[in-house]
Amino acid sequence: MNHAKTVLAVRHLAFEDLGLLRPVLEGRGFKRFITLDAGVDDLRDLDLDGVDLLVVLGGPIGAYDDALYPYLNDEIALIQRRLASRRPLLGICLGAQLMARALGAEVQPMPHGQKEIGFAPLTLTEAGLASALAPLANGQPVLHWHGDQFGLPDGVPSLASTPLCPHQAFAIGGHALALQFHLECDPARLEQWLIGHAGELAQARVPLNILRRDAAMHGASLRAALDQVIDRWLTD
């Protein structure tokens, strides 16, 4: 019997799930999807041998807030085990920040309490242009939604930046990819994000009509971009 390719997703909020990533992965032969909720499900001593792709998703807590959310230490340990195995690992937003911490880099709030929320393009570095992110070099806007930023692990180059955030992505070999931004967010389900993050949006004075407009405008191209990025990454 052939092995059913398995994705294990670690989730922090119900609506910040695999989103558009799931159908993209299904199109590449992934058939089994498991979701574990951080802080609810026990992430210690998980058997990762049968996991073909581990995805650590986003969330509104700080990657450095392990005193308040002690299970973050379990997530970091899980990420470290996965990195040691050199098998596919994708970190998104908080997941990327936890990957940075797992590799010894710092994560801290952006200067002056800034938040980066909204659709905007990336500037790819030379390393980024040679990476799986190359399809984003055409100015494709992506969804940013964070108030923290990660430093780079020693010897690891930045793949992309924005004016507010100098490091938007990094990779470890061909097996681990950390993305500060959200390619996975389904524009058709944006209202879940607007409701779930209502307090943060109000505090940051982010115009909801602009988010809705941009989600509708860029939805189709974002789906295509995600498909291309994942295709390049998984076939490296």
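This passage describes the open and enclosed spaces of a predicted model and the setting of one histidine.

The model is predicted: local features need pLDDT of at least 70, side-chain atom pairs count only at pLDDT 80 or more, and totals for chains, interfaces and linings use all residues. Residues are numbered from 1 along each chain as its sequence is written, and side-chain values use heavy atoms, with hydrogens and water left out.

The largest pocket (on a 1 Å grid over the protein atoms alone, an open set of points with protein on both sides within 12 Å along at least five of seven lines) holds about 260 Å³ of space. Its lining (residues with an atom within 4 Å of a point) comprises 22 residues, and Gly59, Pro60, His146, Gly147 and Glu200 are the closest to the centre. The lining divides into seven nonpolar, 10 polar and five charged residues.

Two cavities (sets of points where a 1.4 Å probe fits but cannot get out) reach 30 Å³ or more. The largest cavity has a volume of about 50 Å³. Phe15, Asp17 and Trp193 are among its lining residues. Five of the lining residues are charged, three nonpolar and one polar. The second largest cavity has a volume of about 40 Å³. Its lining has seven nonpolar residues, one charged and no polar. Leu21, Glu184 and Ile230 are among them.

Histidine 175 counts as buried (under 20% relative accessible area, 1.4 Å probe, protein chains only) because its relative accessibility is 7%. The side chain of histidine 175 reaches the backbone oxygen of isoleucine 172 at 3.2 Å.

Key:
Points joined across faces, edges and corners; volume = space filled by probe spheres on them. Nonpolar A, V, L, I, M, F, W, Y, C, P; charged D, E, K, R; others polar. Buried < 20%, exposed > 50% of the residue type's maximum accessible area, 1.4 Å probe, protein only. Polar contact = N/O pair within 3.5 Å; in protein donor to acceptor, adjacent residues only side chain to side chain.
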